[in-house]
Amino acid sequence: MSATAQSTPHTCDGCLDRREVLVRAGLVTMGVAAAGVLAACGGSDTPTDAAPAASDGTLAQLSDIPVGGAISAQLSDGQPIILVQPEKGTVVALTAVCTHQQCTVAPDGAELKCPCHGSVYDLTGANVSGPAPSPLAQFDVHISNGAVVNGKA
Ligand code: FES
C-alpha cells in the first residue's frame, strides 16, 4: 500500500515551524529535547518543512533517523510523513496527517504529537491520548543502499 491520503494539512501562516525554531535555536539535531522552544506556533498546526522525496522514491537516509526515534519527511507529492526506526535497520513509515482534523503530526522524543488539539500517538502510530479517533496509517517502505525508499522492495 502506498500513502495516498489526499487531505491537506492545516497551515500556520506567520508561525515558525518546529524545524525552523530548532534551526534558529541552534538545536537542529533530532532527539534534542527543546520543549520550551517548540511552542512558537501556539495551538496551531506545525507543518513539516522536510524536503519532498526524490523522484526515485527515496524518502530519507536511514542514518538520519534516530534508533528509537523518528523524523518528519515528505512524499514526492508533498504529503507529510513520519519515518520511525524502532530498532536499528527497521523503519516504520506513517502518514503524518492527524486522524482528528488533519493537522500535521510531528515527532517529539518517543512520541508523535499533533499541535492542533493535543493528540498523541506512539511510535507505531497508535493513539495514546487526545481526540484523534484512529491510529496514523502505516505504508510500505524498504531500505536500499542505506536509503529509505517508498513502496515494497
Ligand atoms: S487535528 Fe490533531 S488533534 Fe485535532
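The chain contains one helix and 11 strands in a model that is predicted rather than experimentally determined. Along the sequence, these elements follow the pattern α-β-β-β-β-β-β-β-β-β-β-β. Of the 153 residues in the chain, 35% are buried. Among contacts with a sequence separation of 6 or more, 53% link residues that are 24 or more positions apart.

Four of the strands form an open sheet, arranged in the order 5-6-7-8 with antiparallel pairing. Strand 5 (106–108) and strand 8 stand at its edges; each has a single partner strand, so one side of each lacks a neighbour in the sheet. Within this sheet, strand 6 (residues 111–113) and strand 7 (residues 120–121) run antiparallel and are joined by two bridges. Lys-113 is positioned opposite Val-120 of strand 7.

The edge strand 8 (127–129) is followed by a loop that leads to strand 9 (138–139), and Pro-133 lies in this loop. Pro-133 has 9 other C-beta atoms within 10 Å and is therefore classed as exposed, the limit for that class being 12 or fewer. When neighbours within four places in sequence are set aside, Pro-133 is in contact with Thr-99 and His-100. The C-alpha atoms of Pro-133 and His-100 are 6.1 Å apart, although the two residues are separated by 33 residues in sequence.

Terms used. Residues are numbered from 1 along each chain as its sequence is written. This is a predicted model: local features need pLDDT of at least 70, side-chain atom pairs count only at pLDDT 80 or more; totals for chains, interfaces and linings use all residues. A residue is buried if 20 or more other C-beta atoms lie within 10 Å of its own, exposed if 12 or fewer, and partly exposed in between; C-beta atoms are placed from the backbone. Two residues are in contact if their C-beta atoms, placed from the backbone, lie within 7 Å. Two strands pair if DSSP finds at least two bridges between them.
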